[in-house]
Amino acid sequence: MEAQERAERSAEMMWAEDRVSQGLGIRLEAVGEGTATLSLAAEASHCNGHGSVHGGVLFMLADSASAFAGNSRNQRAVSLNNTITYLSPARAGDHLRAVCQERSLVGRNGIYDVEVRNQNDDIIVQFRGLTRLLGQTFFDE
């Protein structure tokens, strides 16, 4: 099986069970080996008392991008640790795109960087996720 087909099939299986991302309105735009792009059309229901998109919503978007990239090799992975830096506020009406790139995969441990940008290409969030492979697959190859 080619790497792209493996990534797409793994993502399809994850997406089918990912109720939280679907419920929030996140869209899976693209996936490849060690990469993923997700998006969210920010709505008023995503905003906090300051009128900006809640940090937890931004964290979920970035974390989901990291999850799809980290699970792209038909190897189940979970988060070990994540850090996030909020650089600019996002507002209702913004189109947010989270792009994740794998930085390292050594043994069972992966490092994934995510940038969330708005429709003006402003960086909203920088996120780093550390993952651990579980030794389990999504499907038989």
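## The β5–β6 hairpin

Strands β5 and β6 form a hairpin, with five residues between them. D121 sits in the turn and has a positive phi of about 70°. This is a predicted model. The two strands run antiparallel, and nine bridges join them. Strand β5 covers residues 109-117. Strand β6 covers residues 123-133.

D121 belongs to the loop between β5 and β6. Its positive phi occurs in a residue other than glycine.

## Strand β6 and its two partners

Strand β6 also pairs with β3, which spans residues 77-86. That pairing is antiparallel too, again over nine bridges. Which residue of β6 is the bridge partner of N82? The partner is G129. G129 is also the bridge partner of Y112. G129 of β6 is thus a place to look at both pairings, with N82 as one partner and Y112 as another.

## D113 on strand β5

D113 lies in strand β5. Is the residue buried or exposed? At 19% relative accessibility, D113 counts as buried, because the cut-off for that class is under 20%.

The side chain of D113 makes polar contacts with two arginine side chains. One is to R103, at 3.0 Å. The other is to R128, at 2.6 Å. Leaving aside neighbours within four places in sequence, D113 is in contact with V99, C100, Q101, R103, F127 and R128. Two residues in that list, C100 and F127, come up again below. C100 is buried, at 0% relative accessibility. F127 is buried as well, with a relative accessible area of 3%.

## E115 on strand β5

E115 also lies in strand β5. At 27% relative accessibility, E115 counts as partly exposed. Its side chain makes a polar contact of 2.9 Å with the side chain of R117. A polar contact of 3.2 Å joins the side chains of E115 and Q126.

What does E115 touch, not counting residues up to four places away in sequence? The list is R97, A98, V99, I123, V125 and Q126. V99 is on the contact list of D113 and on that of E115. The C-alpha atoms of E115 and A65 are separated by 9.5 Å, and these residues are 50 apart along the chain.

## Aromatic pairs

How many aromatic pairs does a search of the whole structure find? The search finds two. W15 and F68 form a tilted pair, 6.0 Å centre to centre with 50° between the planes. W15 lies in helix α1 (residues 3-17) and F68 in helix α3 (residues 55-70), so the pair ties together parts that are 53 residues apart in sequence. W15 is partly exposed, with a relative accessible area of 23%. F68 is buried, at 2%.

F59 and F127 form an edge-to-face pair, 5.4 Å centre to centre with 70° between the planes. F59 lies in helix α3 and F127 in strand β6, so this pair ties together parts that are 68 residues apart in sequence. F59 is partly exposed, with a relative accessible area of 27%. F127, by contrast, is buried at 3%. Helix α3 thus holds F68 of the tilted pair and F59 of the edge-to-face pair.

## A charge over a ring

R9 and F139 are arranged in another way. The charged end of R9 sits over the ring of F139, 4.1 Å from its centre.

## Cysteines

A disulfide is a covalent bond between the sulfur atoms of two cysteines. How many does a search of the whole structure find? It finds zero disulfides. C47 is partly exposed, at 23% relative accessibility. C100 is buried, at 0%. C100 is also in contact with D113.

## A second positive phi

N74 has a positive phi of about 60°, although N74 is not a glycine. Where is N74 placed? The residue is in the loop between α3 and β3. At 1% relative accessibility, N74 counts as buried. N74 and D121 both have positive phi, N74 at about 60° and D121 near 70°. Each is in a loop: N74 between α3 and β3, D121 between β5 and β6.

Conventions
Residues numbered from 1 in each chain as written. Predicted model: local features only at pLDDT ≥ 70, side-chain atom pairs only at ≥ 80, totals over all residues. Heavy atoms only, no water. Helix = DSSP H or I, 4+ residues; strand = E, 2+ residues; numbered from the N terminus. Buried < 20%, exposed > 50% of the residue type's maximum accessible area, 1.4 Å probe, protein only. Contact = heavy atoms within 4.5 Å. Polar contact = N/O pair within 3.5 Å; in protein donor to acceptor, adjacent residues only side chain to side chain. Disulfide = S-S within 2.5 Å. Phe/Tyr/Trp six-rings, centres within 6.5 Å; stacked < 30°, edge-to-face > 60°. Lys NZ or Arg CZ within 6 Å of the ring centre and 35° of its normal. Pairing = 2+ DSSP bridges.
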